[in-house]
Amino acid sequence: MKAAVIVFPGSNCDRDVAVALEAAMNHPPIMVWHRDTELPPVDLVVVPGGFSYGDYLRCGAMAAHSPIMREVKAKAESGTPVLGICNGFQILTETGLLPGALIRNAGLKFICKDVFLRVETSDSPFTRKYETGSVVRLPIAHAEGNYFADTATLDRLEGEGRVAFRYVTQGGGASLDANPNGAARNIAGIFNENRRVLGLMPHPERLAEDLLGGTDGKPMFEGLVEALS
Ligand SMILES: NC(=O)CC[C@H](N)C(=O)O
């Protein structure tokens, strides 16, 4: 499997995700600068977390208009899987590859902590190594992670099984207490129509090896390698 990681000015999880990908793939991904206008031939594109363009305007708003995102959009539209983590998720909604928006956290504060998530479906190249309904622990670190969409869109996402992850308690209940940022229906991650684009606010790359304090993020990268090799 070949993967590309997009690097924007202000990305800060690009190398973390490269390490997680390299561990799963046994070779490093290709780092692609935001000003590039072409992507190399790859099986996966990762839009990483961070503070692209200093979060000016709105998180992800400027990155969505950088030259490389035209290519990322075209790749996604032709079926290449795209993974957007945190700022990457924000960029994918701003680009229109995923519906809805990530707005300011309900408490108006930047939140950095581990959360529990329920894997809503294992039926995707990103989640195939997780069991449907299993609860995992991953870190969040964001100021604008409050998923918002109109009721019709939320109903459609749920009806089509496109909610990938939901904030839950350690025991797996999707109570309001488990929701760190006010996200609609406790949504932490969603798929596009064909489940080949995933955006999620938590950071699987930050808990992908024992040295980091946990490995609940690792199956995402292993599953992608399994699905795309
Ligand atoms: N970790 C991240 O990717 C942060 C995303 C964005 N800068 C925010 O604060 O919401």
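Which residue just after α3 takes a positive phi? In this predicted model, the residue is Gly 96, with a phi of about 95°. The helix before this glycine leads back to the annotated active site, which is described next.

The UniProt record, an unreviewed entry, places the feature "active site" at Cys 86, His 203 and Glu 205. These residues span 120 residues in sequence. Even so, no two of their C-alpha atoms are more than 11.0 Å apart, so the three gather at one spot.

Cys 86 sits in the loop between β4 (82-85) and α3 (87-95). Its C-beta has 30 C-beta neighbours inside 10 Å. The cut-off for a buried residue is 20 or more, so Cys 86 counts as buried. Leaving aside neighbours within four places in sequence, Cys 86 is in contact with Cys 13, Gly 49, Ala 141, His 142, Met 201 and His 203. Two of the annotated positions, Cys 86 and His 203, are therefore in contact.

His 203 lies in another loop, between β11 (197-200) and α5 (218-228). With 23 C-beta neighbours inside 10 Å, His 203 is also buried. Beyond four places in sequence, the contacts of His 203 include Cys 13, Gly 49, Cys 86 and Ala 141. Ile 85, Leu 138 and Pro 139 are also among the contacts of His 203.

Helix α3 begins at residue 87. Nine of the nine residues of α3 are buried, so the helix is largely enclosed by the rest of the structure. The buried residues include Asn 87, Phe 89, Ile 91 and Leu 92, but also Gln 90 and Glu 94. Several elements cover them, including strands β3 (44-47), β4, β5 (101-103) and β11, together with helix α2 (67-77).

The ligand has 13 residues around it. Among these, Gly 49, Cys 86, Asn 87, His 142 and Ala 143 come nearest. Cys 86 is thus both an annotated active-site residue and one of the residues nearest the ligand. By type, the shell divides into six nonpolar, five polar and two charged residues.

The largest nonpolar core holds 68 residues. Val 5, Ile 6, Val 82 and Leu 117 touch the most other members. Helix α1 (residues 14-25) gives the most to this core, with six residues. Val 82 belongs to β4 (82-85). Leaving aside neighbours within four places in sequence, Val 82 is in contact with Val 45, Val 47, Val 72, Lys 75, Ala 76, Leu 92, Leu 97 and Val 197. One of these contacts, Leu 92, is a buried residue of α3.

Methods:
Residues are numbered from 1 along each chain as its sequence is written. This is a predicted model: local features need pLDDT of at least 70, side-chain atom pairs count only at pLDDT 80 or more; totals for chains, interfaces and linings use all residues. UniProt positions are given in the numbering used here, feature names are shortened, and annotations may be inferred rather than shown by experiment. Helices (H or I, at least four residues) and strands (E, at least two) are DSSP runs, numbered from the N terminus. A residue is buried if 20 or more other C-beta atoms lie within 10 Å of its own, exposed if 12 or fewer, and partly exposed in between; C-beta atoms are placed from the backbone. Two residues are in contact if their C-beta atoms, placed from the backbone, lie within 7 Å. A residue is near a molecule or strand if its C-beta atom, placed from the backbone, lies within 6 Å of it. Ala, Val, Leu, Ile, Met, Phe, Trp, Tyr, Cys and Pro count as nonpolar, Asp, Glu, Lys and Arg as charged, and the others, Gly among them, as polar. A nonpolar core is a set of buried Ala, Val, Leu, Ile, Met, Phe, Trp, Tyr and Cys residues joined through C-beta atoms within 7 Å.
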